[in-house]
Structure formats: C-alpha cells, structure tokens
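Please open the model in your viewer and keep the sequence panel beside it, since this tour moves from one selection to the next.

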Amino acid sequence: MTKTPLLLGLLLAPSLAFATTLELPADARLEVQVVSSLSLDAEAPRQDDILLRPVADGSGSHQVPDYCVMVGDAQLDGERIRITTSSVTCIDTEGSDSHIYSGEISAAAYDSDGEFGINACQDGRCEITPEHGFELQLASELAIEEQENPSEQINIERRQAEGDGVANPIPAEQPDPDAQ
C-alpha cells in the first residue's frame, strides 16, 4: 500500500527562520496526538497509515507548527500501543508566503512514563483518542528539503493581477463599450 505524505512542517524550538532545509536532531521529542481515535485489540492488533498531528505548544523538546501531519503504524505490544512513523509533510507559513517540506521520518511513541509505547489498554482493549497527547522520539537526525510550492507562484500572479505588480498595468481611460 502506497503511503501518501500529508501536510506538515517541523520547526526547531524556540524559533526557526525559514530555510531551504528543516532539521531536527536525533533524539528530538515532539508532542503529538492522533487525528482520529485509534482502537486495537486481539482481533485487530494492528492499524497502518494512522495520522498524527502536533500538539499546539506541546511539551516535547522541539515544536512543530500547527500545519503538520505524520503518517505511521500502530501495533499492540503487550499492554501498550507501539506507534512508529514513516513520513512527514510540513507547511510553514510567514505572512502570505508558505514553505513546504516533505520526507521520511523515523520516530517512535513514548508515553508520559518515559516507556516505549502508549499505555492505553484496559480489559484487553486499547484506545487512543485525539485528546491524548504523547511524545515521538526521533530515531535519527531529520533533514527535510524545501519543495517547490506551485500555489506560491499562483499567489504571486494573483497579487500582481490585483494591482500589486507589473502584470497589472493601469488601464487606459476608455468608455465602457457595453454602456449605452
């Protein structure tokens, strides 16, 4: 099954100027949450292609902007849910400009007790809701190159057409041909 990266952007805490590459060090911790509820049990012990998003002002060692999504897999591991990630896509914005970063990410989920996997099981059923935040720890350094942003060029052309550039010359004063 092909995994399609979704929109997301990673920023270093406390701040990061726009660059051609976004970088995070190995062992960086990001606080995230599932996009939709996740339930696993003995009959359905695995779910692929789950979506994760950053927690605004999360408690991890690094922050990611609100426009981020990670794709990963979840699997039962005893009484815990093991989550690993495979891809990330980020959109970083500054005013009307946006920068897109997309690539592979190798990270694993850790619960608030510092242990690998999320302690979310009760009576053989394990569930994580979007309200439950947890940390992802990167397994290796992350470097994501900025990608071409076709919408940015469209926005530039639109701004020029609306009078902010040379593509919008001042019209000559001529009578309206449709007016009678």
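Begin in this predicted model by selecting Leu52, Ile81, Ile83, Ile128 and Phe134, the residues that touch the most other members of the largest nonpolar core, which has 33 residues. Keep Ile81 highlighted and show what surrounds it: setting aside neighbours within four places in sequence, Ile81 is in contact with Leu38, Leu40, Ala74, Gln75, Leu76, Gly117, Ile118, Ala120, Cys126, Glu127 and Ile128.

Next, switch to a cartoon view and select residues 38-40, which are strand 3, together with residues 121-122, which are strand 9, and then add residues 125-128, which are strand 10. These three strands form an open sheet in the order 3-10-9, with antiparallel pairing. Strands 3 and 9 are the edge strands, and each of them pairs on one side only.

Now zoom in on the pairing of strand 9 with strand 10, which is antiparallel and runs over two bridges. Which residue of strand 10 stands opposite Cys121? Select Cys126, for this is the residue that faces Cys121 there, and Cys126 is also among the contacts of Ile81.

Finally, zoom out to the whole protein, where twelve strands and one helix can be traced, the strands coming one after another from the N terminus and the helix closing the series. Colour by burial and you will find that 37% of the 180 residues are buried. Among contacts with a separation of 6 or more, 67% are between residues 24 or more positions apart. With the surface displayed, about 10,600 Å² is exposed, and carbon and sulfur atoms supply 47% of that area.

Methods. Residues numbered from 1 in each chain as written. Predicted model: local features only at pLDDT ≥ 70, side-chain atom pairs only at ≥ 80, totals over all residues. Heavy atoms only, no water. Pairing = 2+ DSSP bridges. Helix = DSSP H or I, 4+ residues; strand = E, 2+ residues; numbered from the N terminus. Buried < 20%, exposed > 50% of the residue type's maximum accessible area, 1.4 Å probe, protein only. Contact = heavy atoms within 4.5 Å. Areas by Shrake-Rupley, 256 points an atom, 1.4 Å probe, with all protein chains shown as cover. Core = buried A, V, L, I, M, F, W, Y, C linked by side-chain atoms within 4.5 Å.
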